[in-house]
Amino acid sequence: MNLSLTGLLALTVYFSCSTGGLTGPEPGEAPVELQLVAGGLSFPLYVTSPPQDPSRLFIVEKRGTVRIVRNGVLQPGFFLDLRGRVTTGGE
């Protein structure tokens, strides 16, 4: 199963909603919108950004790599490559 970043974000939003579904914002709250931030990733699991540098996103992939998206562009190569030290076991 190859889950796109958009799919991962949609699942995150779905499971984090207190009502158990996407029912819309509460009064006074802004609606949640999904935005594709990068393509060409392999099973993205986690996205974070340095507090002082929101122009960069670090994306952890299931296979044991960390990729960087800078100003909306997926950077070539890996920020961190631990593929030789991790196994996924199909999960």
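Modeller: Before we start: strands here are DSSP runs of at least two residues, numbered from the N terminus. Also, keep in mind that this is a predicted model.

Colleague: Fine. Which segment does Val-86 lie in?

Modeller: Strand E5 covers 80-81. Val-86 lies in the segment after strand E5.

Colleague: And is Val-86 buried, exposed or partly exposed?

Modeller: Buried would need under 20% relative accessible area, and exposed over 50%. Val-86 has 34%, so the label is partly exposed.

Colleague: What accessible area does the nonpolar surface patch with Val-86 have?

Modeller: Val-86 shares that patch with Phe-79, Leu-80 and Leu-82. Together they come to about 320 Å².

Colleague: How many aromatic pairs turn up, and which geometry do Phe-58 and Phe-79 have?

Modeller: Searching the whole structure gives 1 aromatic pair. The ring centres of Phe-58 and Phe-79 are 4.9 Å apart, and their planes sit at 70°. Planes over 60 degrees apart count as edge-to-face, so Phe-58 and Phe-79 are edge-to-face.

Colleague: Where do the two rings sit in the chain, and how many residues apart?

Modeller: Phe-58 is in strand E2 (residues 56-61), while Phe-79 is in the loop between strand E4 (73-74) and E5. The pair links distant parts of the chain, 21 residues apart.

Colleague: Which of those two counts as buried, Phe-58 or Phe-79?

Modeller: Phe-79 has 51% relative accessibility, so Phe-79 is exposed. At 12%, the buried one is Phe-58.

Colleague: Last one: which ring does the charged end of Lys-62 sit over?

Modeller: The charged end is 5.0 Å from the ring centre. The ring belongs to Phe-43.

How values were computed. Residues numbered from 1 in each chain as written. Predicted model: local features only at pLDDT ≥ 70, side-chain atom pairs only at ≥ 80, totals over all residues. Heavy atoms only, no water. Patch = residues over 30% accessible without salt bridge, like charges linked within 9 Å, V, L, I, M, F, W, Y side chains within 5 Å. Areas by Shrake-Rupley, 256 points an atom, 1.4 Å probe, with all protein chains shown as cover. Salt bridge = Lys/Arg side-chain N within 4 Å of Asp/Glu carboxyl O. Helix = DSSP H or I, 4+ residues; strand = E, 2+ residues; numbered from the N terminus. Buried < 20%, exposed > 50% of the residue type's maximum accessible area, 1.4 Å probe, protein only. Phe/Tyr/Trp six-rings, centres within 6.5 Å; stacked < 30°, edge-to-face > 60°. Lys NZ or Arg CZ within 6 Å of the ring centre and 35° of its normal.
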